[in-house]
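Visitor: Could you take me through a close look at a single part, the place where the two chains meet, and then place it among its surroundings?

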Amino acid sequence: MGTPCVDRPYSRDSDEVWSDHQELVLRRPRSPKDGDYLLQFSSKFAVAIFCDQKQIVEHILDRDLSESAREHYLVDQVLPRILDHQGDLVIHAGASRVDGRAIVLLGKSGRGKSTLAASFDSAGYDLIGDDALVISSFDLQPRVETVYPSLRLFPDSVAAVLNGSPAMSEVTPHSSKQRITIPSHSEIAGSAFPIDAMFVLAPAASTDLEVRKMRTAELCMAMVENSFSLDPTDLRRAQARLANCSSVAREVPGYMISYPRDYALLPRVRDKILAQLT
Amino acid sequence: MIDILQRNLEQSGDVVESAVGDETVILHLVKGTYYGLDPVGTRIWAMLKQGVAIGAICHRLADEYGVELTVIENDARVFLNELEAQGILVDAK
């Protein structure tokens, strides 16, 4: 993916468009030859995006950037945003297959959706995807398919919820999370599954497992909050993204679920989720 | 400071919205924040966009819900101040 930077020097002649005030800055190059957009990840890595040509050019700004970190930026950050810019609705979520349909798990990083998705997989409900999911057919029966089939889990979660010794690799040197590649099920890769319900993982409000039905607007906002976008200030695309999230929220029931983060509780959490399905 | 109920406010050009049932979700593009309006908030928002003066909105709601005007006005102040703090409402040009 992309072209090494040896023959495309990195140009700093650009204007900042948007920042997440953490690691990511979106810039607009002043010259078309430098791309339509420039995504910069701290001082480590940058990607110039040429939208019409459907091409990206990587710029490795830190010579010590590991291959796993480069892959993380491309797969977990750049690719979902490019898909969004091309018109897909891409959400940061996990999904598991239940009786041929999908349950989608939404939540901010650290809320436990990857662990819960891994738990479902170990219990026989195949993982559809984690991190980035594409949603389609907004007005009819919304469907979900994975951008790529892998999980990112902390080592203790790997030990607690996964069976056997899955193949693991480092995500980035500054994170202890491991990337686990799920053995691909031929019927899952490339397939879009009708969404049965969405579950938004909230911080534990008490020592109990709690589930409540969400209002349609609440689910819409949860989807917006967890959607990828290349240029959040692009009015037309933001309007389309919001409209698509609204359409999905009208068709799919949403539930807020909160529980203490205790691996021993996961079987009860799975049962509670399955009990909500039609 | 002028009472917000006396001010002429309009929707910011940096927001997009979507109707979701009888509620509305508003997204501020620059701040990256979103805000949900319940059915009453949605009605107020719709009337603001139609150019109805805030005072008239309050009178209309007081009549429809049979609630004292001062109660509606106090609730409206909280609501409108919140929308302004979120950058969703700005002073009309």
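Guide: What follows starts at the interface and then turns to the cores and a surface patch. This is a predicted model, in which local features need pLDDT of at least 70 and side-chain atom pairs count only at pLDDT 80 or more, while totals for chains, interfaces and linings use all residues. Residues are numbered from 1 along each chain as its sequence is written, chains are lettered from A and ligands numbered from 1 in the order in which they are written, and side-chain values use heavy atoms, with hydrogens and water left out.

At the interface, 14 residues of chain B are in contact with 16 residues of chain A, contact meaning heavy atoms within 4.5 Å. The two chains bury about 1,400 Å² between them, 68% of it on carbon and sulfur atoms; this buried area is the accessible area (1.4 Å probe) that two parts lose on being put together, summed over both. On the chain B side, B:V20, B:L29 and B:Y34 lose the most area to chain A, together 39% of what that side buries. The rule finds one salt bridge across this interface, that is, a side-chain nitrogen of Lys or Arg within 4 Å of a carboxyl oxygen of Asp or Glu. The side chains of A:R215 and B:E23 meet in a salt bridge at 2.8 Å, N to O.

Turning to the cores, the largest nonpolar one has 38 residues, and those with the most contacts inside it are A:I91, A:V104, A:L106, A:I135 and A:M198. Such a core is a set of buried Ala, Val, Leu, Ile, Met, Phe, Trp, Tyr and Cys residues joined through side-chain atoms within 4.5 Å, where buried means under 20% relative accessible area, exposed over 50%, and partly exposed in between (1.4 Å probe, protein chains only). Helix α4 of chain A (residues 216-225) gives the largest share of this core, seven residues; helices (H or I, at least four residues) and strands (E, at least two) are DSSP runs, numbered from the N terminus. Leaving aside neighbours within four places in sequence, A:I91 is in contact with residues including A:D131, A:M223 and A:F228. Apart from this core lies another, of 24 residues, among them B:L9, B:L61, B:L83 and B:L89.

In strand β15 of chain A (residues 193-202) lies A:A197, which counts as buried because its relative accessible area is 1%. A:A197 and A:L277 are 80 residues apart in sequence, yet 6.9 Å apart in space, C-alpha to C-alpha. In chain B, by contrast, B:V67 lies in the loop between α2 (54-65) and α3 (69-85), and counts as partly exposed because its relative accessibility is 32%.
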